Amino acid sequence: MLPVSARDGQSTPFLNALFTATSATCVTGLVVYDTATYWSVFGQAVILALIQIGGMGVVTIAVSVAAISGKKIGLMQRSTMQEAIAAPSLGGIVRLTGFILRATILIELIGACMMMPVFWKDYGVLLGTWYALFHSISAFCNAGFDLMGNAAPFSSLTGYAGNGLINAVIISLIVLGGIGFLTWDDIRCKGIHIEKYRMQSKVILLTTAILILLPFLFFFFGEFRGPVWDDLSLKEKFLGALFQAVTPRTAGFNTIDLTLFSEAGQTITILLMLIGGSPGSTAGGIKTTTLAVLFMTLFSVFKRKEDTECFGRRIEESVIKYASTILLMYLALFLTGGIMISCIEKLPVLTCLFETASAIGTVGLTLGITPELGILSRMILIVLMFLGRVGALTLVFAAFSNKKRSIAKFPKEKITVG
């Protein structure tokens, strides 16, 4: 809210400042002001710091600072860290945290250096360096904040739709940030020997590949065949389809005008936003592993198998319950929020569902209605962004945890479903 944060030197209204801070910390990317034209360099730096903290996780940052300062990391902190990055055990958790911190800084710097020549050419050395660093961190943290509004407000990366280097770097950063820190650890320790990876890493890599390939084929051979896209070259269509297959999970950048998408294209994008990235990553959503577990359970039911199996391993029943609960909670929040905003603002339901999916999935893609929403609708999006980043299931456990568990059980009785 400080006057120094805005270019015009005026204090920003509380709700709009809260919306921006929530969006940055929850690495969402939804904005009520264009980041480049409204916020000063100081304001942009505050947003970037929040993105970095939110992307890596508050717990990861706290443990890293404690380790660097030489403080002893207790069992409680190690246990919290284990939950934060979805680690299978406490062993080596501090060492893994150090690896995450070093790898994050290295990847973001490499991404920035690769984009610098393009931005230097367009904005000069000083401003181009700032742009490269900002977009590298924003992409790796799956935040979706951009500084391209000087060309056209809220334009995101549409000006670089045909630039292969910018597309390749941003896509790579989004994927690296979204596959999860434990997957990095497997790649670092076991290299190309995928058969030695943890089952979770195998599931993440396979699911991620499928979720990039299938949407790419849909957008390239289906969506971009329409006459509305005739102005795009074949190269721009290819890059746009690939970018649009990656960015909804859960980065929030766009290189094409999303309002030109058909309802089918918008629906596919909504589904990708709800799925999101992987556990222990910078991304949000229900997570790739949740989707994979549900589909594996589906196949096991089809084959009349008693257990859900994957890569020669059996999935615990509790994991299946959590996966089902997470899916239902996200669907309930996403649908309820979208319908409420539609009723309040008198807007099409699909448009509002697009915004709520973007919020709960911490994505940041928008059809352009966010800056025009009223106070109540913005508060709904703030709540959804917070729940999407913290995890709705985490809040339920915190609110309804019962330490006194009874060993008594009710008798069983069958109920017909389906």
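How much accessible surface does the protein have, and what share of it belongs to carbon and sulfur atoms? The accessible surface comes to about 20,700 Å², and 67% of it belongs to carbon and sulfur atoms. Keep in mind that this is a predicted model. The points below go from the whole protein to one helix, then to one residue.

**Whole protein**
- The secondary structure comes to 17 helices and two strands.
- The protein has 418 residues, and buried residues make up 51% of them.
- Take the contacts between residues at least 6 apart in sequence: 69% of these join residues at least 24 apart.

**Helix α11**
- Helix α11 covers residues 234-246, which is 13 residues.
- At 1.5 Å a residue, α11 should span 18 Å. Its end C-alpha atoms are 19 Å apart, so the model agrees with the expected span.
- Buried residues in α11 include Leu239, Gly240, Ala241 and Phe243. Lys237 is also buried, and so is Gln244.
- The buried residues of α11 pack against α8 (164-178), α10 (199-221) and α12 (263-275).

**Gln266 in helix α12**
- Gln266 lies in helix α12.
- Gln266 has a relative accessible area of 9%; this is under the 20% cut-off, so Gln266 counts as buried.
- Leaving aside neighbours within four places in sequence, Gln266 is in contact with Leu258, Thr259, Phe261, Leu350, Phe354 and Leu367.
- One of these partners is Phe354. Phe354 is 88 residues from Gln266 along the chain, yet their C-alpha atoms are separated by 7.4 Å.
- Another partner is Phe261. The side chain of Gln266 reaches the backbone oxygen of Phe261 at 3.4 Å.

Definitions and conventions:
Residues are numbered from 1 along each chain as its sequence is written. This is a predicted model: local features need pLDDT of at least 70, side-chain atom pairs count only at pLDDT 80 or more; totals for chains, interfaces and linings use all residues. Side-chain values use heavy atoms; hydrogens and water are left out. Helices (H or I, at least four residues) and strands (E, at least two) are DSSP runs, numbered from the N terminus. The expected span of a helix is 1.5 Å times one less than its number of residues. Buried means under 20% relative accessible area, exposed over 50%, partly exposed in between (1.4 Å probe, protein chains only). Contact means heavy atoms within 4.5 Å. A polar contact is a pair of N or O atoms within 3.5 Å; within protein, one must be able to donate a hydrogen and the other to accept it, and residues adjacent in sequence count only if both atoms are side-chain atoms. Accessible areas come from the Shrake-Rupley method with a 1.4 Å probe; for residues, only the protein chains shown count as cover.
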